[in-house]
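Here are my comments on the model you sent round, set out as numbered points. Please read them with the sequence and the structure open beside you.

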Amino acid sequence: MSPVPSSRPPVTDLPESERVSPHLGEAAAFIDRWVRRTGLIQSFSAQRRFRRARCVDLAARVAPQATCPRLQRTAAWIVWFHVLDDRCRHPRGEEYAFGFGVLPDFLPTDGGPTPPARTALQRALADVWRMTAPAMSPAWRERFAGRFRELSDRRPWDALVAGSALDLVEYVCGCELPPSARELASFRSVSGAATAVLACDGAGPEAEAETRAGAEARAGAEAFRDALRDALRGALQRFVAEAARAGLPPAALSAVSAYAHALALWADGRLAWALHGGPAGAAAPEPGGHRPLLLAEDVTGVPVDLLRPRRPAPPPVPSTSGSAGTALHRGRE
């Protein structure tokens, strides 16, 4: 992936399809190292398939205004959720023997130790949590980890992925919503509208169920995308307006405004990415539009001590070095 020129106009002045972070190149290099270091990618063929999945391109579109470190860590979360989704949609009988049910244990809210990682998926989760959690408040960490605890035994994981993305928007923009804003009725509408956007693969329900000519399919996909985007934008406008009417303090109103702006960019980027091909070169979509990464044979079903990379792993990234019990302050940006 080639980086975006730094001389371009501000992100928000660009057409939706061109809103890509200028840190794309750095994020791609970071993720290439990270997936090998954590063991998520264990072969050259898997690495090629992973790059064609364009997870980093998705991150650069949903978080175009994030700082470079925050984009890198957001990309790591997106990669992790893509791998989890791929693995859960292609389950094998032994998946619980390798610890899917204990994933919440790898999100210590106090920076304490985690269990020994038995799989690459567990190890990557502990690592990305160490990179992310220190920048956020205890309340955010409890909410994020609580979502894992609540949904750890459910399949599929769609609700977890969508809910976690809403939390990651706060990380991307560096503004956490205060409890008073989260209690507003309009925020529940925002959550519902955003979940619909995050579940969209670029095609409407009818386009997924029927075979259409290319031009008609594209038109239907665009109309469906625009309807979802308009619904979310309307919900965000009502959220900002209700927060103002509720008399929230200036700091809270500023956080609401920043969050609404970041979530709108996230939704636009998600829809643009899906409409312009999603995972390029991935397998043909299954019923429902899912495009598997086909990494399952390389990923989570293998204990960590049996992982054998085909080439030496690069040196650890300084911000993530240390054991699984490293204190939260070790992950500061």
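**Notes on the helix packing**

1. In this predicted model, I would begin with the contact in which D57, L58, R61 and V62 of α3 meet L265, W266, G269, R270, A272 and W273 of α12. Sorted by class, the residues of this contact between α3 and α12 are six nonpolar, one polar and three charged. The axis of α3 and that of helix α12, which spans residues 250–275, come within 7 Å of each other and cross at roughly 145°, and the crossing that α3 makes with α12 is right-handed.

2. Helix α3 also packs against helix α1 (residues 24–38), here at an angle of about 140° and with the two axes 10 Å apart. Because an angle of about 140° does not exceed the 145 degrees above which a pair counts as roughly antiparallel, α1 is described as oblique to α3. The crossing of α1 and α3 is right-handed, and the contact is formed by L24, A27, A28 and I31 on the α1 side, with V56, D57 and A60 on the α3 side. By class, the contact of α1 with α3 comprises six nonpolar residues, no polar ones and one charged. D57 deserves a second look, since D57 is listed in the contact of α3 with α1 and is also among the residues of α3 that meet α12.

3. What is the sign of phi at R54? R54 has a positive phi, of about 60°, although R54 is not a glycine. Most residues other than glycine have a negative phi, so this is a position to inspect by eye. R54 lies in the loop between α2 (44–52) and α3 (55–62), and R54 counts as buried because its relative accessible area is 16%, where the cut-off for burial is under 20%.

4. A further helix pair to consider is α5 (residues 120–132) with α6 (residues 138–151), which pack at an angle of about 160° with their axes 12 Å apart. That angle makes α5 roughly antiparallel to α6, and α5 passes α6 in a right-handed crossing. The residues that make the contact are L125, W129 and T132 from α5, together with W140, R141, F144 and F148 from α6. Divided by class, the contact of α5 with α6 holds five nonpolar residues, one polar and one charged.

5. Is A162 buried or exposed? A162, which is placed in helix α7 (residues 158–173), is buried, with a relative accessible area of 6%. If its neighbours within four places in sequence are left aside, A162 is in contact with T195 and L198. A162 and A196, for their part, are 34 residues apart in sequence and 8.7 Å apart in space, taken from C-alpha to C-alpha.

6. Finally, some remarks on the protein as a whole. Its secondary structure comes to 12 helices and zero strands, and buried residues account for 54% of the 333 residues. Among contacts between residues at least 6 apart in sequence, 76% join residues that are at least 24 apart. The protein exposes about 14400 Å², of which 56% is supplied by carbon and sulfur atoms.

Key: Residues are numbered from 1 along each chain as its sequence is written. This is a predicted model: local features need pLDDT of at least 70, side-chain atom pairs count only at pLDDT 80 or more; totals for chains, interfaces and linings use all residues. Side-chain values use heavy atoms; hydrogens and water are left out. Axes are lines fitted to C-alpha atoms, for helices over the stretch in contact, and angles run from 0 to 180 degrees between N-to-C directions. Helices (H or I, at least four residues) and strands (E, at least two) are DSSP runs, numbered from the N terminus. Angles under 35 degrees count as roughly parallel, over 145 as roughly antiparallel, 65 to 115 as roughly perpendicular and the rest as oblique. A crossing is left-handed if the near helix is turned anticlockwise from the far one by less than a right angle, and right-handed if clockwise. Contact means heavy atoms within 4.5 Å. Ala, Val, Leu, Ile, Met, Phe, Trp, Tyr, Cys and Pro count as nonpolar, Asp, Glu, Lys and Arg as charged, and the others, Gly among them, as polar. Buried means under 20% relative accessible area, exposed over 50%, partly exposed in between (1.4 Å probe, protein chains only). Accessible areas come from the Shrake-Rupley method with a 1.4 Å probe; for residues, only the protein chains shown count as cover.
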